[in-house]
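Dear colleague,

Please find below the structure that I am passing on to you. I should be grateful if you would read the notes beneath it with the coordinates open.

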Amino acid sequence: MKLESIQAAESKLLLQTYARNPVLFVGGHDVYLTDENGTDYLDLLSGIGVSALGYRHPAIESAIVGQATRLLHTSNLFYHEGTAELAMRLTEASGMDRVFLCNSGTEAWEAALKIARAHAGRLRSQGKQIGTRFLALEHGFHGRTIGSVATTHKERYREPFAPVMPDVEFVRFNDIDDLRAKFSSEVCGICIEVLQGEGGIHPVTREFYAAARELCDSTGALLLADEIQSGVGRTGKWFAYQHFGIQPDVTTLAKPIAGGIPMGAMLCTEEVAQAMSPGLHGTTFGGGPLACAAAIAVIDTIRKEGILEHVQQVGAYFHQALQGLAAKHDCITEVRGIGLMLGIEINSAKLAETVAAEMMQRHIILNRTSETVLRFLPPYILQREHVDLAVQALDEIFQATSVPATQLSAGGRSHV
Ligand SMILES: *Cc1c(COP(=O)(O)O)cnc(C)c1O
């Protein structure tokens, strides 16, 4: 089927949850996706932060093909060879003690919310005073299931499905006073995306994160770090919280972990893990042989090829190039991000939309999030020459579309 007939069929048959670009991809290699006409697109988005080792990486491909010829599924009623191997790698990389494997980001986040409630229940049974409330951050995003949307700030994602999970209060981003004012022994968990992705590439400050850690320690509440977008090497460390050197109690990961095969994980400390017992939580597909084999190959490849260092280096190069661009074009008001999780704030939502569309015309994929932010989540194997190409294209587009800032409506976060 060609693009037009697929579009026609999808518009009749699929739940209309996505506004797709009119492009049909049929293949990929390295940092490129290939459309039906054989045209390559430079991918600066990797799905949405998923295809971290690009396309058709030989180590990932052979792990998946090899596992597919042996065993695809066993259920969690039995052992298979991959789970413990993967858990060893994840606990070593994160400094956490125990792992729950599942199939997506939101499922990992639900596990984090549930273990925070169960942990608080366990503390109450020991006579401690602790409630069931969550604090979450403004502009935070944690997924689309009812618990996850309840902790997601954007009303548009939450309100149509009300009532969502109750007992969630939002704290102003990086506002320690607001955090302290809203925290009490009623709180069982503080939800933090260490580097907000969907919210527009906003890193929490070390001071804010440390204050959350300290408040949690004062009552037994849990610090829940959502690293579904920022984790597994995206920022040049295995987890973004490692830039602070302060461990959370629980962390979640998903997007890049299995090289494109769906997988999520919730990692926690030994103490927190005591809140779970057989039968209390579970999943049919989670931690299956295929996803485990792929994830082991992703982690081993990142290690073997020195990819964390590469992400730091090419990320710094990319950041610097974007700053150069911002110096030339007034419409870029800020450059943010760490490693290969970067964003530029544009002073007009309309202009940001135009630039993303123009880049697509030039066969370079990026994404606009939070209206005014152009987001870059390229494969970790991106090279400087790709950065040069992208920044050159952006420069030309900004040059051609530049409009005096006074004629444009103000950007920023006021839309939320
Ligand atoms: C993508 C994302 C999620 C949700 O993951 P899904 O796999 O889409 O359910 C949750 N939290 C963050 C920070 C994310 O970026």
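The notes that follow cover confidence, the two sheets and one helix in turn.

The model is predicted. Its mean pLDDT over the chain is 96, and 96% of the residues reach 70 or more. The exception to keep in mind is the stretch of residues 410–416, where the pLDDT is below 50; beyond near neighbours in sequence, this stretch has 15 contacts in the model. Where pLDDT is low, the predicted coordinates should not be read in detail.

One open sheet contains 7 strands in the order S4-S12-S11-S10-S7-S5-S6, and its pairing is mixed. Strand S4 (98–102) and strand S6 (168–171) are the edges; each has a single partner strand, so one side of each is left without a neighbour in the sheet. Direction ignored, neighbouring strands here are turned by 20 degrees against each other on average. Within this sheet, strand S5 (residues 133–137) and strand S7 (residues 187–193) run parallel and are joined by 3 bridges. Leu135 has Ile190 in S7 as its bridge partner. Helix H5 (residues 105–125) lies across S4, S5, S7, strand S10 (222–226), strand S11 (250–253) and strand S12 (264–268), and runs at about 180 degrees to S10.

A further open sheet is formed by 4 strands in the order S13-S14-S17-S16, with antiparallel pairing. Its edge strands are S13 (332–338) and S16, each of which pairs on one side only. The twist from one strand to the next averages 25 degrees. S16 and S17 pair in the antiparallel sense over 3 bridges, and Thr369 has Val373 in S17 as its bridge partner.

Helix H13 deserves a separate paragraph. Its 13 residues (residues 349–361) should span 18 Å at 1.5 Å a residue, and the end C-alpha atoms are 19 Å apart, which agrees. At the start of H13, the backbone nitrogen of Lys350 has a side-chain oxygen of Ser348 within 3.2 Å. After the helix comes His363, with a positive phi near 65 degrees.

Which residues of H13 are buried? They are Leu351, Ala352, Val355, Ala356, Met359 and Met360. An α-helix has 3.6 residues a turn, so residues three or four places apart point the same way. The cover over the buried residues of H13 includes strands S3 (40–43), S14 (341–346), S15 (364–365), S16 (367–369) and S17 (373–376), together with helix H14 (384–401).

With kind regards

Note on methods
Residues are numbered from 1 along each chain as its sequence is written. This is a predicted model: local features need pLDDT of at least 70, side-chain atom pairs count only at pLDDT 80 or more; totals for chains, interfaces and linings use all residues. Side-chain values use heavy atoms; hydrogens and water are left out. pLDDT is the predictor's confidence in each residue, from 0 to 100. Contact means heavy atoms within 4.5 Å. Helices (H or I, at least four residues) and strands (E, at least two) are DSSP runs, numbered from the N terminus. The expected span of a helix is 1.5 Å times one less than its number of residues. Buried means under 20% relative accessible area, exposed over 50%, partly exposed in between (1.4 Å probe, protein chains only). A polar contact is a pair of N or O atoms within 3.5 Å; within protein, one must be able to donate a hydrogen and the other to accept it, and residues adjacent in sequence count only if both atoms are side-chain atoms. Two strands pair if DSSP finds at least two bridges between them. Axes are lines fitted to C-alpha atoms, for helices over the stretch in contact, and angles run from 0 to 180 degrees between N-to-C directions.
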